[in-house]
Structures are given as C-alpha cells and as structure tokens.
Amino acid sequence: MTYFADVGALARKDLLLELRARDTLPAMLLFVVATFVVFHFSLPAHSSQLAASGLLWVAILFTALLGLGRAFVPEREQRVLDGLVLAPCDRSAIWLAKSIATLAFLGAAELVALPVFALFFHGIGAATVAGVVLADIGICAVGTFLGAMAVATRARDLLLPLLFLPLAIPIVVGGVGASVAGSPGRYLAFLALYDVLFGLLCWATFEYVVTE
Amino acid sequence: MRVVSRLSRVPLPALAVASLVLMTVALTLVFYVAPNDADQGFSQRIFYFHVSIAFTAYACFAAGAWKALRHLWKRDPGADLESYVAVHQGVIFGTLVLLTGSIWAKISWGHWWLWGEDELVLFLVLFLFYCAYFMLRFSVDPGPQRANFSAVYALFGVVLIPVSFLAIRIAKSFVHPEVFTLHGPNFGGWILVTYCVAQAALLLLAYTLYRVELTGKRLDARIRELRFA
C-alpha cells in the first residue's frame with residue numbers, strides 16, 4: 001500500500017505545481033481550440049463528417065504531445081529527478097504518478113475540447129468518448145515514459161514526437177475506428193489491449209530509464 | 001541457443017563464403033528452376049526475396065530485442081552493441097522490404113504504394129519507429145544511460161510489431177474497404193524448395209553482415225580505448 005501512497009503523493013505534487021504555476025493546462029486548451037479552427041479552414045467545404053472525426057484524433061494527439069513535452073521539465077530544471085531516484089520508493093511509482101498527472105491535464109483539456117468540437121463540427125457519441133478515455137490512458141502511459149527519456153537526451157523536445165508518433169499509430173487506429181465504425185466494440189477492446197500491454201511494459205522498464 | 005553459440009564460433013571468412021554460395025544457389029533457383037506463377041507470371045518471383053527479406057528483418061528486430069533484454073536483465077557486457085547492430089541490420093532489411101514491396105505493387109497493380117498491403121504498411125511504421133531508435137541512440141552520450149535507453153526502446157519495438165499488425169488489420173475496414181486477396185500459391189515442390197533456400201540464404205547473409213559490422217564496431221571501440229589509454 002505504501003506504493004500507492006507514494007504514487008498519490010507524487011501525483012499530488014504535480015497537480016499542485018500546475019495549480020499554482022498554471023504552465024501547461026492553459027497552453028493545451030488554447031492549442032486544441034486553435035487546432036480546431038485551423039482544421040475548419042483546412043477541411044474543404046462539403047467534406048464529410050468522417051474527415052472531421054479523424055481530425056479530432058490528430059488534435060488530441062498533438063495536444064497530448066504539448067503536455068507530455070512539458071511533463072518532465074520541472075524535474076529537469078530543478079533536478080528533482082535525482083532526489084526522486086534517491087528516495088526509498090519504487091521507481092515505477094515516479095512514472096505512474098507522472099502518467100496520472102498528465103492524464104489529469106489531458107482529461108481537463110478534453111473536457112473543454114470535446115464540447116468545442118461538437119459545437120464547431122458535429123456531435124460526439126458515447127463510443128467516441130469511451131475511445132478518448134481509453135486512448136488517453138495509452139497516450140499518457142507511453143508518452144510520459146518517452147518524455148522521461150527525451151528530456152535526458154541532447155535533442156530534448158525535438159525527440160519526443162519522433163519517438164512517440166510511431167507508437168501512437170495503433171492508438172489513432174483504435175480511436176478513429178471507435179468514432180466512425182458501426183460497431184465500435186472491437187476498436188475499444190483493441191485500445192484496452194494497447195493500454196494493458198504498453199502499460200505493463202512501461203511499468204516494468206521505467207527503472208532503467210532513470211537509473212544507470 | 002546452442003546453435004547460435006556454435007554459429008558465433010564460425011570464422012567470418014567461412015560465413016562470407018557460405019552466404020555467397022547459398023545466395024548464388026538461391027538466385028539460380030529463383031530465376032531458372034522455380035515455375036512461373038499462373039496468375040502473375042515472372043514478376044511473382046520477387047516474392048521469394050520479398051517474403052524472405054521481411055522474415056529476416058523480423059528476425060533481426062527480434063534478435064535486437066533479445067540482446068536488449070539480456071542487457072537489462074543479465075547486464076551482459078557487449079549486449080548493447082549487439083542489440084544495436086542487430087537493429088541496424090533489421091532497418092537495412094526493412095528498407096529492402098519496402099523497396100521490393102513497392103516494385104511488386106507497381107508491377108501487379110500499377111501503383112508504387114498500396115495502403116491495402118498489410119505488410120508494407122507495417123514495415124513503414126517499423127521503419128519510422130526504428131529511425132527514431134537511431135535518433136534516440138545518437139542524441140545520448142555513450143555510456144550506461146544510452147545502453148539502457150536503446151534497450152528499452154528496442155523492447156518497445158517487439159511489442160509494437162504485433163500491435164501494429166493488428167491495428168493495420170482492423171484499420172482496413174474503415175481506411176481501406178477493399179481487401180486484396182492473394183490466391184495462395186500452390187506451396188509445394190520447387191516453389192517450397194526455392195523459398196526455403198532463399199530464406200536460408202538471406203538469414204545467413206544477414207548474420208554475416210551482422211558479424212562484419214559487430215567486428216568493425218568492436219575494433220573501432222578497441223582502437224579508441226588504446227588511443228586514450
């Protein structure tokens with residue numbers, strides 16, 4: 001149980017930091033709304049609703065990338081990560097807590113983004129919402145993990161999208177499938193499978209990212 | 001495992017000669033012995049190489065992940081370099097899969113690229129993924145951290161292969177409704193023999209190239225060590 005107490009404490013630290021500094025969430029919100037406006041003008045008139053559904057997923061992915069790129073910046077700038085690694089807690093707790101925090105930011109951004117999307121383009125069904133929730137888990141789990149690697153490299157912010165996008169292709173497939181297909185069940189199941197597989201992999205290997 | 005450890009003791013020149021001989025036999029079989037395909041005629045022969053190269057690329061990625069696991073788990077010295085070289089060979093063979101697949105698609109369907117062809121799309125995703133592997137590896141200074149990052153990312157690769165394959169399969173129903181069905185070739189006789197020889201030749205070629213690169217890289221590291229000693 002101390003494991004979850006550690007995770008809770010670490011996640012609360014990130015949420016509290018965001019609440020006080022308001023670095024990430026306003027940027028994500030502004031970005032996602034601006035993206036929708038860009039999409040409106042990049043979709044030719046009379047293009048189908050299906051095209052807009054696809055673009056929703058592009059917007060979610062890039063908004064998430066914006067947040068994930070910031071996720072480990074405080075750790076890097078204040079050298080918090082050294083302290084966390086020295087602390088007597090399981091290293092995977094660091095990843096889990098950070099994932100939960102980024103998931104909270106992404107979820108909060110989507111609470112605004114999805115109604116705005118419905119207002120600008122077309123309504124959103126329950127399957128899409130379920131798809132977004134499942135996809136968010138995968139995006140944050142894998143993205144946080146890769147973000148921790150990316151901040152330790154020379155290329156830093158440049159590297160995260162390159163590392164992340166090939167791994168995010170299955171998420172987009174599952175998400176778009178859940179939004180546009182007649183029977184979204186198997187796409188949702190696929191997203192859940194992705195979450196479980198990559199979640200376990202991240203959980204098991206995070207230790208090697210922060211230690212030598 | 002015992003086969004691999006025995007193979008690793010075979011001297012490099014012998015390996016090179018063996019892969020040259022086997023490759024020549026495979027080329028002869030593919031172009032002179034295997035029968036023409038009833039549907040696609042002569043162009044179908046690229047399949048012997050396309051499929052074998054694809055399998056070889058998977059084998060390289062799997063070997064890279066296996067070495068990565070050895071590095072993380074047992075801390076095998078040298079496993080990091082072996083993993084990197086295997087992934088490097090995998091990317092070379094993966095590029096060849098994309099090339100041979102494009103040529104075949106152009107001849108069969110008149111387009112250089114087909115989103116309906118599962119394996120081509122999968123290799124495009126893998127190509128992007130493993131290119132990012134190189135970006136990651138070369139933006140970290142050599143040392144334990146680079147070895148860990150590379151190993152972890154290589155492990156992500158082997159999980160991504162089946163997941164992406166599944167994704168591409170299920171994406172077809174909404175991205176690409178018409179499904180190409182290849183009438184399975186009558187797998188028997190000379191076709192099977194030719195395929196098996198081509199497969200063996202390419203696997204041996206990949207292993208030889210792997211050993212060549214590994215030897216070069218080790219020599220490089222040794223020289224650097226001596227220079228700074």
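Two residues are taken to be in contact when their C-beta atoms, placed from the backbone, lie within 7 Å. The structure described here is a predicted model.

## Leu159(A) and the two chains

By that criterion, and not counting residues up to four places away in sequence, Leu159(A) touches Ala150(A) and Thr153(A) in chain A, together with Met135(B), Leu136(B) and Ser139(B) in chain B. Leu159(A) belongs to helix α8 of chain A. A residue is buried if 20 or more other C-beta atoms lie within 10 Å of its own; because Leu159(A) has 23 such neighbours, Leu159(A) counts as buried. From Leu159(A) to Val173(A), 14 residues apart in sequence, the C-alpha to C-alpha distance is 23 Å.

The contact between the chains takes 28 residues from chain A and 27 residues from chain B. On the side of chain B that touches chain A, α5 (118–138) and α6 (144–175) each supply at least two residues. Of the elements on that side, α6(B) gives the most, with 18 residues. The residues of this side of chain B comprise 22 nonpolar, 5 polar and no charged.

## Helices α7 and α8 of chain A

Two packed helices are described by the angle between their axes and the distance between the axes. In chain A, the axes of helix α7 (residues 126–151) and helix α8 (residues 159–180) come within 10 Å and cross at roughly 170°. Because the angle is over 145 degrees, α7(A) is roughly antiparallel to α8(A). Residues of α7(A) in this contact include Gly131(A), Ala135(A), Gly138(A), Val142(A) and Ala150(A), while α8(A) contributes, among them, Leu159(A), Phe164(A), Leu167(A) and Gly174(A). The contact of α7(A) with α8(A) divides into 15 nonpolar, 8 polar and no charged residues.

How far apart are the end C-alpha atoms of α7(A)? They are 36 Å apart, in agreement with the 38 Å that 26 residues should span at 1.5 Å a residue. Of those 26 residues, 21 are buried, so α7(A) is largely enclosed by the rest of the structure.

## The nonpolar core

In soluble globular proteins, nonpolar side chains tend to be buried together. The largest nonpolar core in this model has 125 residues, and those with the most contacts inside it are Val142(A), Phe145(A), Leu191(A), Val209(A), Val87(B) and Ala198(B). The largest share of this core, 14 residues, comes from α7(A). Val142(A) also appears in the contact of α7(A) with α8(A). Leaving aside its neighbours within four places in sequence, Val142(A) is in contact with Phe164(A), Leu167(A), Phe198(A) and Cys202(A).

Met28(A) offers a further example of a buried residue, with 23 C-beta neighbours inside 10 Å. Met28(A) lies in helix α2 (residues 25–42) of chain A. Beyond four places in sequence, the contacts of Met28(A) are Thr63(A), Leu66(A), Gly67(A), Phe105(A) and Ala109(A). The C-alpha atoms of Met28(A) and Leu106(A) are separated by 8.0 Å, although these residues are 78 residues apart along the chain.

## Chain B as a whole

Chain B has 7 helices and 0 strands. Along the principal axes, the C-alpha trace of chain B spans about 65 × 45 × 30 Å. Of the 229 residues in chain B, 37% count as buried. Among the contacts in chain B with a separation of 6 or more, 76% are accounted for by residues 24 or more positions apart.

Helix α4 (residues 79–109) of chain B has 31 residues and reaches 43 Å from its first C-alpha to its last, close to the 45 Å expected at 1.5 Å a residue. Gly110(B), just after α4(B), takes a positive phi of about 80°.

## Positive phi at two arginines

Most residues other than glycine have a negative phi. The following table lists two residues with a positive value.

| Residue | Phi | Location | C-beta neighbours within 10 Å |
|---|---|---|---|
| Arg22(A) | about 50° | loop between α1 (2–21) and α2 of chain A | 10, exposed |
| Arg75(B) | about 55° | loop between α3 (46–74) and α4 of chain B | 11, exposed |

Are these arginines buried or exposed? Arg22(A) is exposed, with 10 other C-beta atoms within 10 Å, and Arg75(B), with 11 C-beta neighbours inside 10 Å, also counts as exposed.

Terms used. Residues are numbered from 1 along each chain as its sequence is written. Chains are lettered from A and ligands numbered from 1 in the order in which they are written. This is a predicted model: local features need pLDDT of at least 70, side-chain atom pairs count only at pLDDT 80 or more; totals for chains, interfaces and linings use all residues. Axes are lines fitted to C-alpha atoms, for helices over the stretch in contact, and angles run from 0 to 180 degrees between N-to-C directions. Helices (H or I, at least four residues) and strands (E, at least two) are DSSP runs, numbered from the N terminus. Angles under 35 degrees count as roughly parallel, over 145 as roughly antiparallel, 65 to 115 as roughly perpendicular and the rest as oblique. Ala, Val, Leu, Ile, Met, Phe, Trp, Tyr, Cys and Pro count as nonpolar, Asp, Glu, Lys and Arg as charged, and the others, Gly among them, as polar. The expected span of a helix is 1.5 Å times one less than its number of residues. A residue is buried if 20 or more other C-beta atoms lie within 10 Å of its own, exposed if 12 or fewer, and partly exposed in between; C-beta atoms are placed from the backbone. A nonpolar core is a set of buried Ala, Val, Leu, Ile, Met, Phe, Trp, Tyr and Cys residues joined through C-beta atoms within 7 Å.
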